[in-house]
Amino acid sequence: MRVLLVDDEEELVSALAERLSFRGIEATWATSGQKALELASKVCFELAVLDVKMPGMGGIELKRKLVEICPGIKILFLTGHGSEDDFRRGSAESGREFYLVKPVAIEDLIKKMQEAAK
């Protein structure tokens, strides 16, 4: 499974990628929506885990652009600053079951990734 992680918190996103690799899941990561789009234009990912709130391009806008590039891509949203409005929008875009709140346990993230990939 080709996985793309996008979060403006570099320490968090790189640590998630490393923890996933320890469990046999290779993930590419980016710290901005623009960088994520550049990566997706070269490799079509099967699943993306997106931070909802990022400077410049947020996760919801990024999701729409990634779907244009990789039509079959599955999306999970992560947020650490979730307002009720963010939750409604994220749930509407991804489905309530694919919207996670930080900090997320790596086992929970993997479980949701596997569910989303089905």
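Buried, in what follows, means under 20% relative accessible area. The model is a predicted one, and I will start with helix α2.

The buried residues of α2 are G33, A36, L37, L39 and A40. Viewed down the helix axis, these residues fall within an arc of 165 degrees, so they line one face of α2. What do they pack against? The buried residues of α2 have β1, β2 and α3 as their packing partners. On the face turned away from that buried side, α2 carries S41 and K42, which are exposed.

Next, the sheet. There are five strands in an open sheet, ordered β2-β1-β3-β4-β5, and the pairing is parallel. The edges are β2, residues 27-30, and β5, residues 99-101, and each of these pairs on one side only. From one strand to the next the twist averages 20 degrees. At the β5 edge, strand β4, residues 74-79, pairs with β5 in the parallel sense over three bridges. There, F77 stands opposite Y99 in β5. Helix α2, residues 33-42, packs on this sheet and touches β1, residues 3-6, and β2. The direction of α2 makes about 140 degrees with that of β2.

Helix α3, residues 59-69, also lies on strands: it runs across β1, β3 and β4. Its angle to β3, residues 47-51, is about 155 degrees.

One residue of α3 deserves a slide of its own, and that is K63. Is K63 buried or exposed? The relative accessibility of K63 is 16%, and because the cut-off for buried is under 20%, K63 counts as buried. Which residues does K63 contact, leaving aside neighbours within four places in sequence? They are L50, I75, F77 and E93. F77 has come up already, as the residue opposite Y99.

Last, a pair of helices. Helix α1, residues 10-22, and helix α5, residues 106-117, have axes that come within 11 Å and cross at roughly 75 degrees. That crossing makes α1 roughly perpendicular to α5. From α1, the contact involves L16, R19 and L20, and these meet I106, L109, I110 and M113 in α5. How do the residues of this contact divide into nonpolar, polar and charged? Six are nonpolar, none is polar and one is charged.

To recap: α2 packs on the sheet at β1 and β2, α3 lies across β1, β3 and β4, and α1 meets α5 through the residues just listed.

Conventions. Residues numbered from 1 in each chain as written. Predicted model: local features only at pLDDT ≥ 70, side-chain atom pairs only at ≥ 80, totals over all residues. Heavy atoms only, no water. Axes fitted to C-alpha atoms, helices over the stretch in contact; angles between N-to-C directions. Helix = DSSP H or I, 4+ residues; strand = E, 2+ residues; numbered from the N terminus. Parallel < 35°, antiparallel > 145°, perpendicular 65-115°, else oblique. Contact = heavy atoms within 4.5 Å. Nonpolar A, V, L, I, M, F, W, Y, C, P; charged D, E, K, R; others polar. Pairing = 2+ DSSP bridges. Buried < 20%, exposed > 50% of the residue type's maximum accessible area, 1.4 Å probe, protein only. Arc of directions from axis to C-beta.
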